[in-house]
Amino acid sequence: MARKSRKIPQNPAEATARTFRVGGYVRLSAEDKKVKGDSIETQQAIIRAYIDERPDLELTEIYIDNGLSGQSFQRPAFTQMLEDMQSGKINCCISKDLSRLGRNAIDTGYYIEKFFPTKGIRYIAITDDYDSADPNSGGVMISLKNMVNEHYALEIGRKIRQTKQMNIRKGKFVGRLAPYGYAKCAEDKHQLVLDPYAAPIVLRMYEMAAEGYSVAEISQWLNTNGILPPKRYYHSLGLASDKDIRNIHWSKSVLYSILKNRVYCGDMVQGKFHTRSYVQKSVQKSDWVIVENTHTGIVSRELFERVQLRW
């Protein structure tokens, strides 16, 4: 006879009466990577060691969000974990501490105090000594720790933005990927150096534009000669993911962005966008930060100006 599946009880106090199917949740943001003892591997080891010592816990899945902020709960692994809770695959969540779950006090409190209890989910934050199955665990200290975690995230974010703005004003490159034609210097990631493959291609684009070729003709020349457009080139170097390479041909918009960018005559142009509440918005051109002669130009200023006169 087929064995009937057990119904998940809604009362977490029944923890000692059954085995919990655990989803270990691990998160590391870019800021957290600088903190010793919070690596992905360390968090997993702490969770596994904790489970090994408790017969009522059985590890089912490890959910990992790497490089994502705790301020937002729009994280792929966290979303998958919630779906697995809904389906009954897991009925317990364990994280190293409360801050791994999230650094937004209101949303973190919602999941701990509302969502998990109503779904019959036991939640454990190991180093914060919190277990929702323990009636003596939590209380005002959980709310206080969540507020401290949120303040920490906001303070770290503020310092990072200040450092970034300072580097921008100094003419140091702060982007994730160097502009096409350049690479980040191995000794100093804020310094641009010529890419031996892509720099000559950029130079030829400018020469063709100055000779009177249209953007469509330059694009055709690039595509005919099998020259990879920027995103596909970055992908070939292992710097871009599969989702970044939808366009397999050079487009007019990409060409215009290269042919009108002062970075190619040796000037650093940054501060074109700003991010607020995880939404990126364009900044007026008059507010861009431009610092001249910060790196080796691919084209001369004369050639750059000749191309600008065409558009």
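**Loops, a sheet and a charged patch**

Reader: Happy to look at this with you! In what order do the strands of the open sheet run?
Author: Glad to help, and do keep in mind that this is a predicted model. The open sheet holds five strands, and their pairing is mixed. Their order is β2-β1-β3-β4-β5.

Reader: Which strands stand at the edges of that sheet?
Author: An edge strand has a single partner strand, so one side is left without a neighbour in the sheet. The strands placed this way are β2 (57–66) and β5.

Reader: Which residue of β5 does I124 stand opposite?
Author: Let's start with the strands: β4 and β5 pair in the antiparallel sense, over two bridges. Across from I124, in β5, stands D131.

Reader: Is D129 buried or exposed?
Author: D129 sits in the loop between β4 (122–125) and β5 (130–131). Its phi is near 55°, a positive value in a residue other than glycine. Most residues other than glycine have a negative phi. Because its relative accessibility is 68%, and the cut-off is over 50%, D129 counts as exposed.

Reader: And where does N293 lie?
Author: Phi of N293 is also positive, near 55°, and the residue is not glycine. With 59% relative accessibility, N293 counts as exposed. Its place is the loop between β11 (289–291) and α10 (301–308).

Reader: Lovely! What is the relative accessibility of K189?
Author: K189 joins R176, K184 and K231 in forming a positive surface patch. Its place is the loop between β6 (182–184) and β7 (192–194). K189 counts as exposed because its relative accessibility is 54%.

How values were computed: Residues numbered from 1 in each chain as written. Predicted model: local features only at pLDDT ≥ 70, side-chain atom pairs only at ≥ 80, totals over all residues. Heavy atoms only, no water. Patch = residues over 30% accessible without salt bridge, like charges linked within 9 Å, V, L, I, M, F, W, Y side chains within 5 Å. Areas by Shrake-Rupley, 256 points an atom, 1.4 Å probe, with all protein chains shown as cover. Salt bridge = Lys/Arg side-chain N within 4 Å of Asp/Glu carboxyl O. Lys, Arg positive; Asp, Glu negative; His and termini not counted. Charge placed at Lys NZ, Arg CZ, Asp CG, Glu CD. Helix = DSSP H or I, 4+ residues; strand = E, 2+ residues; numbered from the N terminus. Buried < 20%, exposed > 50% of the residue type's maximum accessible area, 1.4 Å probe, protein only. Pairing = 2+ DSSP bridges.
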